[in-house]
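Trainee: I'm new to this structure and would like a close look at one part of it. Could you pick up at a single spot and then walk me outward from there?

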Protein chains: 4
Amino acid sequence: MVQTGADFVLLIACEDRKGIVAAVANSIASQDCNIIESSQYGDASTGRFFMRVAISCPEDMTSERFTSAFLPVATAFRLDWRIYDLRKKLRAMIMVSQGGHCLNDLLYRTSTKRLPMEVTSIVSNHMTWKRRADHEGINFHHLPITPENKLEQEAKLLAMVEEQQVDLIILARYMQVLSDQLCRKLDGRVINIHHSFLPGFKGAKPYHRAYERGVKMVGATAHYVTPDLDEGPIITQDVSVVDHADTVEDLIAQGQDTESRVLARAVKLHLEHRVMLNGNRTIVFK
Amino acid sequence: MVQTGADFVLLIACEDRKGIVAAVANSIASQDCNIIESSQYGDASTGRFFMRVAISCPEDMTSERFTSAFLPVATAFRLDWRIYDLRKKLRAMIMVSQGGHCLNDLLYRTSTKRLPMEVTSIVSNHMTWKRRADHEGINFHHLPITPENKLEQEAKLLAMVEEQQVDLIILARYMQVLSDQLCRKLDGRVINIHHSFLPGFKGAKPYHRAYERGVKMVGATAHYVTPDLDEGPIITQDVSVVDHADTVEDLIAQGQDTESRVLARAVKLHLEHRVMLNGNRTIVFK
Amino acid sequence: MVQTGADFVLLIACEDRKGIVAAVANSIASQDCNIIESSQYGDASTGRFFMRVAISCPEDMTSERFTSAFLPVATAFRLDWRIYDLRKKLRAMIMVSQGGHCLNDLLYRTSTKRLPMEVTSIVSNHMTWKRRADHEGINFHHLPITPENKLEQEAKLLAMVEEQQVDLIILARYMQVLSDQLCRKLDGRVINIHHSFLPGFKGAKPYHRAYERGVKMVGATAHYVTPDLDEGPIITQDVSVVDHADTVEDLIAQGQDTESRVLARAVKLHLEHRVMLNGNRTIVFK
Amino acid sequence: MVQTGADFVLLIACEDRKGIVAAVANSIASQDCNIIESSQYGDASTGRFFMRVAISCPEDMTSERFTSAFLPVATAFRLDWRIYDLRKKLRAMIMVSQGGHCLNDLLYRTSTKRLPMEVTSIVSNHMTWKRRADHEGINFHHLPITPENKLEQEAKLLAMVEEQQVDLIILARYMQVLSDQLCRKLDGRVINIHHSFLPGFKGAKPYHRAYERGVKMVGATAHYVTPDLDEGPIITQDVSVVDHADTVEDLIAQGQDTESRVLARAVKLHLEHRVMLNGNRTIVFK
């Protein structure tokens with residue numbers, strides 16, 4: 001949950017050593033800011049230290065001012081760090097194909113402020129959701145993909161991402177695989193929902209394969225997109241119970257509820273700056 | 001749940017066609033028996049029909065008498081079928097290595113009649129649990145396994161299974177792989193608990209691999225044992241939530257709770273004759 | 001799940017005695033129909049027997065024809081019974097106030113055929129959801145309620161229910177209490193979603209009271225509406241985990257997900273004729 | 001999870017103000033200790049601030065040395081605080097009546113070090129579990145309770161608590177209500193498992209009442225004991241799904257699994273000093 005009163009979030013990663021918390025806390029206190037929420041994690045296997053601090057600040061505080069005051073600490077402890085101003089909503093592009101359950105869910109949550117983001121546009125390789133986009137007053141871009149035009153369309157997509165100043169791309173059941181090149185360019189900024197409990201059924205048609213294997217639960221996994229298909233860092237996962245009488249169609253129907261829920265949760269965690277990357281694993285500060 | 005008053009369970013599999021339920025119900029009624037619980041499933045993809053009927057009977061009814069009266073229906077519809085007398089508890093052998101969480105759980109449930117089975121013996125490749133077996137008044141057999149003596153020990157095991165008239169072998173965290181030959185001989189009578197959400201992490205050290213992949217849930221799977229390691233028909237599964245701060249040790253500790261729960265559930269379903277095999281999938285009539 | 005091929009659902013309640021299943025199965029077989037799915041329950045405490053049978057029929061079968069052929073069995077066993085033609089969708093009216101999370105969810109599921117119902121209209125005491133109703137092409141009726149006009153507006157509502165031939169009224173976060181008189185008239189046809197894990201926090205502001213009590217989970221309950229507020233027969237329930245840092249606002253936000261899920265599940269069970277009343281308890285044949 | 005390397009846990013509660021975190025972190029760093037894990041919570045409604053810090057220390061650190069160095073900060077910020085040495089296991093007394101599912105579970109977890117506590121004795125108003133206590137090598141005290149001897153027996157109990165230097169009393173399905181006087185004397189040191197999802201069914205026979213109400217889930221609640229029966233601060237809760245066919249006996253059987261799991265989780269949280277009291281609510285730092 002976002003603590004009432006938090007104005008900024010500070011994310012820090014560095015080599016673990018004594019005194020980091022004290023140094024960070026001192027710097028924050030010296031700027032007349034208050035720590036609202038603080039989480040940390042030391043990874044014993046790599047010796048890396050991770051920290052998230054939510055702070056409330058005097059009204060005239062800016063990211064720039066905070067940065068200049070914080071720099072000495074950052075330098076002394078060789079921090080990888082970033083400060084986020086919570087008063088500026090992240091700008092998100094939603095990509096979708098024909099199945100709209102995740103899209104419908106994200107739009108509702110955005111409209112009721114449950115997801116603190118601004119949807120810059122909806123991009124799709126189909127026209128299915130144009131009418132709904134219009135109803136919501138959101139720009140809709142139709143980018144049909146064929147083997148021939150794929151790179152060209154990805155170039156257009158990238159141009160839109162830049163033009164719309166997109167912070168986050170949400171693949172809300174977008175059924176096209178992004179090229180390696182695009183994945184690398186957008187690294188850490190693309191969240192996908194995979195319709196299985198990874199690493200269970202990587203690749204295509206996971207519900208069909210779950211049915212064939214006779215599993216008793218099906219799941220969904222939200223993860224950052226990397227060039228390795230379905231191998232990106234996992235943000236969150238969930239499952240639901242199925243039984244022998246469920247057809248593949250039933251698994252798909254039931255799985256969609258889990259997909260919507262898992263994707264919404266992952267997006268919320270990202271928007272609140274609660275997710276940090278630690279190699280191919282994520283740290284999620286709830 | 002076992003319905004109060006059920007004396008027998010009838011399991012049926014056959015080619016699906018009209019009139020089966022009526023014929024079975026008529027035969028049961030004509031024997032002055034009452035249907036307490038009935039479940040059925042028609043597999044559209046294979047055309048097979050499966051049915052489980054729990055019945056209460058006059059006091060002097062026996063499996064033999066029921067069988068002779070039921071034979072005409074069984075022949076007419078070419079049923080694969082079996083009748084189980086619930087008044088005779090199944091005889092179960094528990095195999096365990098050093099980790100005793102599943103064993104401890106199974107023993108407690110058996111002692112309080114939650115699991116309607118008779119434990120004929122505990123078999124282990126270690127001595128760890130001998131003292132507890134003694135305390136519970138259950139025979140303990142020590143069968144240490146080396147690459148050299150494996151087949152010999154399996155022969156001994158098989159002899160014990162026959163001598164003790166074992167209906168069900170429960171691998172309660174038994175860390176030795178059974179030979180293909182033994183798997184085939186005991187087909188459908190061995191339940192194993194695998195410490196991952198299959199097919200996620202087949203094979204050894206699943207918690208280590210779950211940690212490395214950075215999954216956000218870990219699971220356990222109870223399945224019948226077949227020569228294909230971790231590929232046998234799944235009976236039931238469950239998961240629990242983990243996070244970035246959980247070490248491999250934490251995953252193991254937390255996973256043990258899930259393992260105990262999942263194995264106990266699978267054993268109970270088997271003891272109540274609620275599980276039927278449909279190729280490599282199970283039908284579970286709850 | 002609705003089994004492919006089921007054309008009719010037969011619901012039966014009667015005094016428990018031998019031979020019912022056989023008689024019912026015989027009657028179905030004699031009409032050249034096939035049992036696709038069958039569930040039954042005998043309530044030991046009341047001696048009542050309940051049964052649900054899904055059947056596939058020859059193409060020219062009608063409810064009327066089935067009824068006349070089935071009448072002898074129904075009379076002989078004194079059955080309370082009803083036959084439902086699955087080819088005719090139930091007609092549902094959705095009532096909502098300002099919070100639209102359940103409405104949004106129900107509309108999406110209906111549009112993708114996950115919920116086999118026809119929405120006859122949306123009725124609200126506010127104008128909030130008129131625009132969305134228009135977008136979906138569904139009639140919207142504004143029925144503002146004051147202490148003065150309540151009975152008058154309920155009369156209008158009842159007229160609409162009759163005129164639109166409504167089978168089911170879904171209170172999708174409709175914040176007005178229906179009068180006793182109306183509850184009685186619509187008995188068994190109104191499903192409400194209560195935003196707590198009943199009987200935990202009956203009445204108003206359950207999330208506020210959950211917060212004050214410091215509970216670690218919050219829930220939602222879908223139930224049929226009766227004159228006794230929040231005491232009607234429960235169809236389904238679910239919960240989600242919360243912690244000390246969650247404000248009342250957080251509980252409300254998180255609870256909404258549970259509410260949507262629970263209401264959709266209850267409506268689906270009702271539409272598939274899986275719910276039967278047994279005094280103030282429900283029997284739910286999954 | 002207990003972070004490897006944590007030697008002490010520091011718990012702090014105070015009026016919220018700027019600079020607390022910095023002051024605490026500075027004091028810890030100045031003693032050459034390292035912060036392993038840190039959690040905090042500011043309660044906006046009361047203005048209270050709560051903090052838990054797990055620290056690793058030089059080998060010769062003691063609670064006394066830490067205390068004297070920390071006193072200036074504690075005084076300046078008027079802290080309610082306490083330091084716990086993780087190298088000293090808490091001493092726990094387990095009280096039980098006849099149902100042993102929680103006891104069996106706690107004993108197993110203790111024996112495998114999953115619960116870092118020392119069981120000083122098992123106290124019961126029945127003899128049922130004496131033999132098992134003997135097997136585990138734990139002292140067993142038989143304290144039968146009648147209306148006449150209740151206060152006298154409680155005096156004995158209190159004497160044992162003192163003599164055995166008990167830090168925590170676990171009511172593991174102990175079916176006697178403690179007197180108000182005793183509750184007050186042991187305030188914050190007694191954890192009870194209540195067999196319902198509080199506040200759903202307070203008082204006696206909750207499973208019977210859950211059955212009568214027709215709920216679709218049953219739960220369990222672990223809470224600190226206060227003179228107000230079943231009104232003490234909740235530590236953790238969980239539920240499991242039931243259906244119409246489950247008898248009261250089934251609810252009880254299934255509920256026992258939830259009870260064991262919930263109680264073990266609550267005890268673990270307490271042993272790791274993760275629970276703080278905030279009026280009648282708890283703060284649980286996971």
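**Around helix H7 of chain C, and outward**

Mentor: Let's start with C:Gly214, which sits just after H7(C) and takes a positive phi of about 70°. Keep in mind that this is a predicted model.

Now step back into the helix itself. H7 of chain C covers residues 206-213, and its buried residues are C:Pro206, C:Tyr207, C:Ala210, C:Tyr211 and C:Arg213. As a rule, an α-helix has 3.6 residues a turn, so residues three or four places apart point the same way. What do the buried residues of H7(C) pack against? Within chain C, they pack against strand E9 (190-194), strand E10 (217-224) and helix H8 (248-271). Chain D takes part too, with strand E2 (34-43), strand E11 (234-241) and strand E13 (281-284).

Chain C also touches chain B, so to speak on another page of the story. That contact takes 19 residues from chain C and 19 residues from chain B. The two chains bury about 1,500 Å² between them, with 49% of that on carbon and sulfur atoms. On the chain C side, C:Lys18, C:Asn34 and C:Gln40 lose the most area to chain B, together 32% of what that side buries. C:Lys18 turns up again in a salt bridge with B:Asp32, where the closest N and O atoms are 3.5 Å apart. The rule finds 2 salt bridges across this interface, along with 3 residue pairs in polar contact, both residues at pLDDT 80 or more. Two elements of chain C, helix H1 (20-30) and strand E2 (34-43), give two or more residues to the side that touches chain B. E2(C) gives the most, with 8 residues. By class, that side of chain C divides into 8 nonpolar, 7 polar and 4 charged residues.

Next, have a look inside chain A. Its domain assignment gives domain 1 (8-85) and domain 2 (90-284), and the C-alpha centres of these domains lie 31 Å apart. Where they meet, 12 residues of domain 1 are in contact with 8 residues of domain 2. Together the domains of chain A bury about 810 Å², 60% of it on carbon and sulfur atoms. A:Leu11, A:Phe50 and A:Arg52 supply 51% of the area that domain 1 buries against domain 2, more than any other three residues. The rule finds 1 salt bridge across this interface. A:Glu37 forms a salt bridge with A:Arg274, with the closest N and O atoms 3.1 Å apart. There are also 4 residue pairs in polar contact between the domains, both residues at pLDDT 80 or more. Strands E1 (8-15), E2 (34-43) and E3 (48-56) of chain A each supply at least two residues of the domain 1 side, and E1(A) gives the most, with 4 residues. That side has 8 nonpolar, 1 polar and 3 charged residues.

Let's finish with a residue in chain D. D:Ser56 lies in strand E3 (residues 48-56) of that chain. Is D:Ser56 buried or exposed? D:Ser56 counts as buried because its relative accessibility is 17%, and the cut-off for buried is under 20%. Leaving aside neighbours within four places in sequence, D:Ser56 is in contact with D:Gly5, D:Asp7, D:Cys33, D:Asn34 and D:Ile36. D:Lys202, by comparison, is 146 residues from D:Ser56 in sequence and 42 Å away in space, C-alpha to C-alpha.

How values were computed:
Residues numbered from 1 in each chain as written. Chains lettered and ligands numbered in written order. Predicted model: local features only at pLDDT ≥ 70, side-chain atom pairs only at ≥ 80, totals over all residues. Heavy atoms only, no water. Domains from an automatic or database assignment. Contact = heavy atoms within 4.5 Å. Buried area = accessible area lost by both parts, 1.4 Å probe. Salt bridge = Lys/Arg side-chain N within 4 Å of Asp/Glu carboxyl O. Polar contact = N/O pair within 3.5 Å; in protein donor to acceptor, adjacent residues only side chain to side chain. Nonpolar A, V, L, I, M, F, W, Y, C, P; charged D, E, K, R; others polar. Buried < 20%, exposed > 50% of the residue type's maximum accessible area, 1.4 Å probe, protein only.
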